[in-house]
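Reader: I should like to go through the salt bridges and the pocket of this structure in turn. Please show the sequence and the model before we begin.

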Amino acid sequence: TGTPGAAEQAVDRAAAFLRAHFAEPIQLGDAARVANMSPYHFSRQFKKYQGTTPHEFLLCERMAAAKLLLLSTGESIENIAASCGFASASHFIRAFRGRNGITPMRFRQMRF
C-alpha cells in the first residue's frame with residue numbers, strides 16, 4: 001500500500017512541528033506530544049521513518065537556517081545563534097565547527 005500508516009503520519013506531523021519551531025527551545029516531549037506518543041516510542045518511530053533522531057533532525061534544521069543567515073545577512077554570530085535556537089553563541093560555534101570543520105565566521109568569509 002502506498003498510503004502511510006498512522007505512526008508514519010504522526011512522525012511526519014512531528015517533523016513539520018520541529019521544522020516550524022526549530023528556533024524555539026524544544027524538548028523531546030514537545031515533539032512526542034505532537035505525535036501523540038511516549039518520548040521513548042516517539043524516538044524509535046522517528047528514527048525509523050526519518051532515518052535520524054529527533055535531536056539530529058532539529059540540529060540539521062537549525063544549522064541550515066544558520067548557514068543561510070551567515071551567507072545572506074551581516075547579523076552577529078550571537079544573534080544568528082539566538083535566532084536559530086542555540087542556547088548560546090559558544091554552543092552554536094562548537095556545534096557548527098563539529099559538523100562543518102570550520103567556524104561560522106570562517107564559513108561566512110568563504111562565500112562559496
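Author: A residue is called buried when its relative accessible area is under 20%, exposed when that area is over 50%, and partly exposed in between. The model discussed here is predicted.

Reader: Which class does R19 fall into, buried, partly exposed or exposed?

Author: The relative accessible area of R19 is 41%. Buried requires under 20% and exposed requires over 50%. R19 is therefore partly exposed.

Reader: Which residue does R19 meet in a salt bridge?

Author: The two side chains of this salt bridge come within 3.7 Å, N to O. R19 belongs to helix α1 (residues 6-20) and its partner to helix α4, so the pair ties together parts that are 42 residues apart in sequence. The partner has a relative accessibility of 22% and counts as partly exposed. The residue that R19 meets is E61.

Reader: How many residues apart in sequence are R99 and E56, whose side chains meet in a salt bridge?

Author: The N to O distance between R99 and E56 is 2.8 Å. This pair links distant parts of the chain, with R99 in helix α6 (residues 89-100) and E56 in helix α4. R99 is partly exposed at 34%, and E56 is partly exposed at 28%. Their separation is 43 residues.

Reader: What is the distance between the closest N and O atoms of D30 and R33?

Author: D30 and R33 both lie in helix α2, where being 3 residues apart separates them by about one helical turn. D30 is partly exposed, with a relative accessible area of 22%, whereas R33 is exposed at 59%. The two form a salt bridge, and the closest N and O atoms are apart by 2.7 Å.

Reader: How many salt bridges does a search of the whole structure find?

Author: One of them joins E61 and R19. Another is formed by D30 with R33, and R99 and E56 also meet in one. The search of the whole structure gives a total of 3.

Reader: Which helix supplies the largest share of the lining of the largest pocket?

Author: The largest pocket holds about 280 Å³ of space and is lined by 15 residues, with I26, Q27, H55, L58 and R62 nearest its centre. Helices α2 (28-35) and α4 (54-72) each supply at least two lining residues. The largest share is 5 residues, and it comes from α4.

Reader: How many residues of that lining are nonpolar?

Author: The lining of the largest pocket includes 4 polar residues and 1 charged residue. The number of nonpolar residues is 10.

Conventions: Residues are numbered from 1 along each chain as its sequence is written. This is a predicted model: local features need pLDDT of at least 70, side-chain atom pairs count only at pLDDT 80 or more; totals for chains, interfaces and linings use all residues. Side-chain values use heavy atoms; hydrogens and water are left out. On a 1 Å grid over the protein atoms alone, a cavity is a set of points where a 1.4 Å probe fits but cannot get out, and a pocket is an open set with protein on both sides within 12 Å along at least five of seven lines; lining residues have an atom within 4 Å of a point. Grid points are joined across faces, edges and corners, and a volume is the space filled by probe spheres set on the points. Helices (H or I, at least four residues) and strands (E, at least two) are DSSP runs, numbered from the N terminus. Ala, Val, Leu, Ile, Met, Phe, Trp, Tyr, Cys and Pro count as nonpolar, Asp, Glu, Lys and Arg as charged, and the others, Gly among them, as polar. A salt bridge is a side-chain nitrogen of Lys or Arg within 4 Å of a carboxyl oxygen of Asp or Glu. Buried means under 20% relative accessible area, exposed over 50%, partly exposed in between (1.4 Å probe, protein chains only).
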